[in-house]
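Please open the structure in your viewer and keep the sequence panel beside it, since each stop on this tour begins with a selection.

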Amino acid sequence: MGETSRIAVKLVLEGVGEAEGVITKVSAPLTVEAILKILPIDGRVHPSAGGVCLLVGLKRGEEKSRRRVEAGTIAYWPMSDSICIFYQDTTSYSPVNVIGKITKNLELFKNLSSGTKIRVERI
């Protein structure tokens, strides 16, 4: 896989720490391209089943979507127009577009308070 198909990202959680991940274009190419255009993304997390989400304002539809995801999955959730980070294996309420994986410090997301500030940026 070429460097351009795997984009390293850092997720900065205010007052909590930093996590790292990889966004993979092949997973959902159109969704990933749209997300890359708006990086860095600043927002606040809110809890979701098995993870946390952050509103992004993309208004994209489903692309290679699925409901069952593994711990560490980074996904775009069309129904709520959010990026979700799943800290445990789960079945989402509605289909999500898988866009990547957390590679370092996934445990930081398990006990986040609703409203915690987050910044997602390229490394």
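Are cysteine 53 and cysteine 84 buried or exposed? Select the two residues with the surface switched on, bearing in mind that this is a predicted model: cysteine 53 is buried, and cysteine 84 is buried as well.

**The disulfide**

With the two cysteines still selected, show their side chains, and you will find that cysteine 53 and cysteine 84 form a disulfide, with 2.4 Å between the sulfur atoms. The count for this structure is one disulfide. Its two ends come from distant parts of the chain, cysteine 53 sitting in strand β5 and cysteine 84 in strand β8, 31 residues apart. The torsion about the S-S bond of cysteine 53 and cysteine 84 is about 90 degrees, so the disulfide is right-handed.

**The cavity**

Rolling a probe the size of a water molecule over the atoms shows where empty space is left. A search of the whole structure for cavities of 30 Å³ or more finds one, and about 50 Å³ of space lies in the largest cavity. To see what surrounds it, select Val9, Leu11, Ile23, Ile35, Ile74, Ile83, Ile85, Ile99 and Val120, which line the largest cavity. The elements that give two or more residues to this lining are β1 (6-13) and β8 (82-86). If you colour the lining of the largest cavity by class, you should see nine nonpolar residues, with no polar and no charged ones.

**The salt bridges**

Side chains of opposite charge can pair when their charged atoms come close. The whole structure holds six salt bridges, and three of them are visited here one after another.

Begin with lysine 10 and glutamate 121, which form a salt bridge whose closest N and O atoms are 3.3 Å apart. Lysine 10 lies in strand β1 and glutamate 121 in strand β10 (residues 117-122), so the pair ties together parts that are 111 residues apart in sequence. The two partners fall into separate accessibility classes: lysine 10 is partly exposed, with a relative accessible area of 22%, whereas glutamate 121 is buried, at 17%. Now extend the selection to Asp42 and Arg119, because Lys10, Asp42, Arg119 and Glu121 are linked in a network of salt bridges.

Move next to glutamate 33 and lysine 25, whose side chains meet in a salt bridge at 3.5 Å, N to O. Glutamate 33 is partly exposed, with a relative accessible area of 33%, and lysine 25 is partly exposed too, at 25%.

The third pair to select is aspartate 81 and lysine 59, a salt bridge in which the closest N and O atoms are 3.7 Å apart. This pair links distant parts of the chain, with aspartate 81 in the loop between β7 (73-77) and β8, lysine 59 in the loop between β5 (51-55) and β6 (66-69), and their positions 22 residues apart in sequence. Aspartate 81 is buried, with a relative accessible area of 10%, whereas lysine 59 counts as exposed at 72% relative accessibility.

**Backbone details**

Most residues other than glycine have a negative phi, and most peptide bonds are trans. Keep lysine 59 selected and turn to its backbone, where phi is positive, about 55 degrees, although lysine 59 is not a glycine.

Which other residue has a positive phi although it is not a glycine? Select asparagine 105, where phi is about 70 degrees. Asparagine 105 lies in the loop between β9 (90-104) and β10, and it is partly exposed, with a relative accessible area of 27%.

For the peptide bond itself, go to leucine 39 and proline 40, which are joined by a cis peptide bond with omega of about -5 degrees. Proline 40 is in the loop between α1 (29-38) and β3 (41-44).

**Last stop: glutamate 62**

Return to the loop between β5 and β6, where glutamate 62 is found. Glutamate 62 is exposed, with a relative accessible area of 53%. Beyond its neighbours within four places in sequence, glutamate 62 is in contact with Pro78, Pro95 and Asn97, so-called contacts that you can display by adding Pro78, Pro95 and Asn97 to the selection. Finally, draw a distance from glutamate 62 to threonine 91: the two are 29 residues apart in sequence and 16 Å apart in space, C-alpha to C-alpha.

Methods: Residues numbered from 1 in each chain as written. Predicted model: local features only at pLDDT ≥ 70, side-chain atom pairs only at ≥ 80, totals over all residues. Heavy atoms only, no water. 1 Å grid on protein atoms, 1.4 Å probe; cavity = no way out; pocket = protein on both sides within 12 Å on 5 of 7 lines; lining within 4 Å. Points joined across faces, edges and corners; volume = space filled by probe spheres on them. Helix = DSSP H or I, 4+ residues; strand = E, 2+ residues; numbered from the N terminus. Nonpolar A, V, L, I, M, F, W, Y, C, P; charged D, E, K, R; others polar. Salt bridge = Lys/Arg side-chain N within 4 Å of Asp/Glu carboxyl O. Buried < 20%, exposed > 50% of the residue type's maximum accessible area, 1.4 Å probe, protein only. Disulfide = S-S within 2.5 Å. Contact = heavy atoms within 4.5 Å.
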